[in-house]
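Biologist: Could you take me closely through one helix of this model, and then place that helix in the wider fold? I would like the reasoning set out step by step.

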Amino acid sequence: MSSLRLLVLVIGGVLAALFFFLLLKERHPLSQGRFAINPEVFFVWDDSKKLYKIEPNGLETLYQGPFTVYFPSPYQPQAEEVAHALAQILQVAQRRLSLDLGAFSVVLVLLREDMGGVFIESWPTKPVPQFLVSSMKWTKLSEAPRPTRLMVYAVFPHEAAHLVLMWEGHWLEEGIAEYIGFIVVQELAPDLCQTYREGRQKDVREILPRGTYDLTREPLQEFVVHEGIRLKTTSPEEGAGYGVSLAFWLQIAREHGETIIRQFVEQAKSLSQPTERELARILSNLTGEDIWGKLQRMNLQEVLQILEQAPCESSSLTAP
Ligand SMILES: [Zn+2]
């Protein structure tokens, strides 16, 4: 074989490998023949600042039961605090709803001045970690800033719930995930309860003139490309859905007792990837209510009231 033919073969092989790599990465075409990265997870809080890519290289790992915490080496105390909080969160979900949240992982990210967001393009192990972006100027989680604690006590239980539920339905699952976040805040960080509730109310108020919300309709997925990264955006309608779906479950707990939610989760677990309709049928059988009809016509004014009246201590919610 001539050296020229060998060179052509080698280049051809490299190009084919590159092509496959691009396919595997599910990159999305941009203008001028460039590609947008489709991240596995991202968290953006200020799109006028830089997006940082988070990679496992150089991070330490803390394994504790079903949890994994990745952290830059100076932050071992913070990693241990997060692992401890995750164990407490697991206990709340287990005791209140008989739900085993299972495996969950977190990556600690040191907040920088120019940082407006973080993303993971891919991660070698599953589940892909959730971010805890913080200044790290704390060693006890109880002394951490509110956004850090809200992430741990409200967002982590919500995301952990998705890892075990994986229903085909949309808002019923989001609502249960929200409800789990709410009961964890109630029990483990009651001082955050008001902030959490107000955040959900604010999103509902944005679409208040619409009067009602249909929780049987899945929101449209919309994306933007920012710095070559493809990011899912949240419309006001979708944003409000979290508050509405939380209110739906808070109302079920208030009128029928939390035991109904526990029974609902147990029955739903026995089905593989149940649809929204199947889930609604289970809940109708348990409550005797027309759940599908209720989901279709959630009154937004009533939603605001339910969120307002949701108790920030756990005792009053558990009693029917
Ligand atoms: Zn969710």
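Modeller: What follows looks at helix α2 and then moves outward to the parts around it.

The model is predicted, and every value below is computed from it. Helix α2 covers residues 76-97, and since its 22 residues at 1.5 Å a residue should span 32 Å, the 31 Å between its end C-alpha atoms agrees with that expectation. Directly after α2 comes S98, which has a positive phi near 55 degrees.

Which residues of α2 are buried? They are Q78, A79, E81, V82, A85, L86, I89, L90, V92, A93, R96 and L97, a list that includes Q78, E81 and R96 beside residues such as V82 and L86. An α-helix has 3.6 residues a turn, so residues three or four places apart point the same way. With that in mind, the buried series V82, A85, L86, I89, L90 and A93 can be followed along the helix in the structure.

Two contacts lead from α2 to other parts of the chain. I180 touches A93 and L97, and, outside α2, P157, H158 and A161, once residues up to four places away in sequence are set aside. I180 is also among the residues with the most contacts inside the largest nonpolar core, together with L108, L132, I176, V244 and W249. That core has 80 residues, and in soluble globular proteins, nonpolar side chains tend to be buried together.

The second contact involves E187, which is found in helix α4, residues 171-188. Apart from neighbours within four places in sequence, E187 is in contact with V92 and S314. E187 and S314 lie 127 residues apart along the chain, yet their C-alpha atoms are separated by 6.2 Å. E187 counts as partly exposed because 17 other C-beta atoms lie within 10 Å, whereas V92 in α2 is buried.

Ahead of α2 in the sequence is a hairpin of β5 (residues 60-64) and β6 (residues 67-71), antiparallel strands joined by five bridges. Within this pair L62 has V69 in β6 as its bridge partner, and two residues separate the strands, with G65 taking a positive phi near 55 degrees.

For comparison, the hairpin of β11 and β12 also has two residues between its strands, and in its turn E227 has a positive phi of about 50 degrees. Five bridges join β11 (residues 222-226) to β12 (residues 229-233), the two strands running antiparallel, and the bridge partner of E222 in β12 is T233. Helix α6 then covers residues 236-256, and because its 21 residues at 1.5 Å a residue should span 30 Å, the 30 Å between its end C-alpha atoms agrees. G257, just after α6, takes a positive phi of about 90 degrees.

A further element is an open sheet of three strands in the order β3-β8-β4, with mixed pairing. Its edge strands are β3 (41-44) and β4 (50-53), each pairing on one side only, and the twist averages 20 degrees from one strand to the next. Four bridges join β3 to β8 (residues 115-120) in an antiparallel arrangement, with V44 opposite G117 in β8.

Across the whole protein chain there are eleven helices and 13 strands, and buried residues make up 34% of its 320 residues. Of the contacts between residues at least 6 apart in sequence, 71% join residues at least 24 apart, and the pairing of E187 with S314 described above is a contact across 127 residues.

Technical notes:
Residues numbered from 1 in each chain as written. Predicted model: local features only at pLDDT ≥ 70, side-chain atom pairs only at ≥ 80, totals over all residues. Pairing = 2+ DSSP bridges. Axes fitted to C-alpha atoms, helices over the stretch in contact; angles between N-to-C directions. Core = buried A, V, L, I, M, F, W, Y, C linked by C-beta atoms within 7 Å. Buried ≥ 20, exposed ≤ 12 C-beta atoms within 10 Å, placed from the backbone. Contact = placed C-beta atoms within 7 Å. Expected span 1.5 Å × (residues − 1).
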